[in-house]
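Here is a short report on charged and aromatic side chains in one protein chain. Keep the structure in view as you read.

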Amino acid sequence: MEKRFETVTTYTPQMYREFSDYNMRGMLRITRLVFLACAVVLALFTTIMLVVLGNRNTLAVLLSYGLVVVFLLLPLLVEWIVKRQVDAGAREADGLVDTCAFFDEYFTEINGDQQTTAFYPRVFKAAETETYYYVYIDRSTAAVIAKDSFVIGDADAFRGFLNEKLGGRFTGREAAADE
């Protein structure tokens with residue numbers, strides 16, 4: 001089978017961080033909204049209970065408002081933990097050489113001593129940013145392909161190839177910028 005595209009990408013900490021930011025921004029936004037909604041509901045519930053029952057149980061009121069503060073602070077803690085994990089991953093990925101070969105029916109990714117083969121119908125999705133393509137093998141694992149890393153083919157032709165193979169599971173740069 002003939003190789004249609006081949007890339008050799010050397011990971012950098014910045015590249016790893018950009019992928020992580022792209023990959024997790026929706027999850028962190030949802031996390032913030034969920035905790036904010038919990039804080040608002042709890043604050044409203046506590047305030048209504050104060051009005052209805054009066055100030056009979058000061059400890060319960062203090063605990064409820066304390067939980068409101070916890071719900072407001074939890075997103076900051078989650079973001080701090082994620083940032084630490086991303087920084088550790090970025091240090092570990094620094095210098096990793098990732099080679100991807102794209103054929104008509106499947107692609108392979110080799111990094112270090114690991115090789116992955118994925119057939120296009122099983123690929124979860126792919127996305128394009130200004131400088132990278134992300135080809136997701138599953139919801140959280142992706143081949144990160146720098147647009148300047150093509151040794152066979154080029155980044156512009158690769159966009160059409162992904163669109164042909166993945167259809168609606170490929171988000172081009174224009175649509176990705178809107179997310």
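F102 has 0% relative accessibility, so it counts as buried. This value, like the others here, comes from a predicted model. Its partner F161 has 2% relative accessibility and therefore counts as buried too.

**Aromatic pairs**

The count of aromatic pairs is 19. One of them joins F102 and F161. This pair is edge-to-face, with 80° between the planes and 6.4 Å from centre to centre. The two rings come from distant parts of the chain, 59 residues apart. F102 belongs to strand β2 (residues 97–102), while F161 belongs to helix α3 (residues 155–166).

Next, take Y106 and F119, which form a tilted pair. Their centres are 5.5 Å apart, and the angle between the planes is 50°. Y106 is in strand β3 (residues 106–111) and F119 in strand β4 (residues 114–119), 13 residues apart. Is F119 buried or exposed, or partly exposed? Its relative accessible area is 45%, so F119 is partly exposed. The cut-off for exposed is over 50%.

Ring pairs also build a cluster. Among its members are F102 and F161, along with F5, F107 and Y120. Y133, F150, F158 and F170 belong to the cluster as well.

**Salt bridges**

Now turn to charge. Side chains of opposite charge can pair when their charged atoms come close. How many salt bridges are there? The count is nine. The table gives three of these pairs.

| Salt bridge | N to O distance |
|---|---|
| D87 and R17 | 3.1 Å |
| K147 and E128 | 2.6 Å |
| K165 and E164 | 3.7 Å |

Start with D87 and R17, which form a salt bridge. This pair links distant parts of the chain, 70 residues apart. D87 is in helix α2 (residues 58–93), and R17 is in helix α1 (residues 13–53). D87 has a relative accessible area of 16%, so it is buried. R17 is partly exposed, because its relative accessible area is 28%.

K147 and E128 meet in a salt bridge too. K147 lies in the loop between β7 (142–146) and β8 (150–152), and E128 lies in strand β5, so the pair ties together parts that are 19 residues apart in sequence. Both K147 and E128 are buried. They also belong to a network of salt bridges with D156 and R159.

K165 and E164 give another salt bridge. K165 has 22% relative accessibility, so it counts as partly exposed. E164 counts as exposed because its relative accessibility is 54%.

**Charges over rings**

Some charged residues sit over aromatic rings. K147 lies over the face of Y133, 5.2 Å from the ring centre. Y133 is one of the rings in the cluster, and K147 is part of the salt-bridge network.

Which ring does the charged end of K125 sit over? That ring belongs to Y136, and its centre is 4.8 Å away. K125 is found in strand β5 (residues 125–128). Its relative accessibility is 32%, so K125 counts as partly exposed.

What does K125 touch, leaving aside residues up to four places away in sequence? The list is Y134, V135, Y136, L166 and R169. R169 is 44 residues from K125 along the chain, yet their C-alpha atoms are separated by 4.6 Å.

Notes
Residues numbered from 1 in each chain as written. Heavy atoms only, no water. Helix = DSSP H or I, 4+ residues; strand = E, 2+ residues; numbered from the N terminus. Buried < 20%, exposed > 50% of the residue type's maximum accessible area, 1.4 Å probe, protein only. Contact = heavy atoms within 4.5 Å. Salt bridge = Lys/Arg side-chain N within 4 Å of Asp/Glu carboxyl O. Phe/Tyr/Trp six-rings, centres within 6.5 Å; stacked < 30°, edge-to-face > 60°. Lys NZ or Arg CZ within 6 Å of the ring centre and 35° of its normal.
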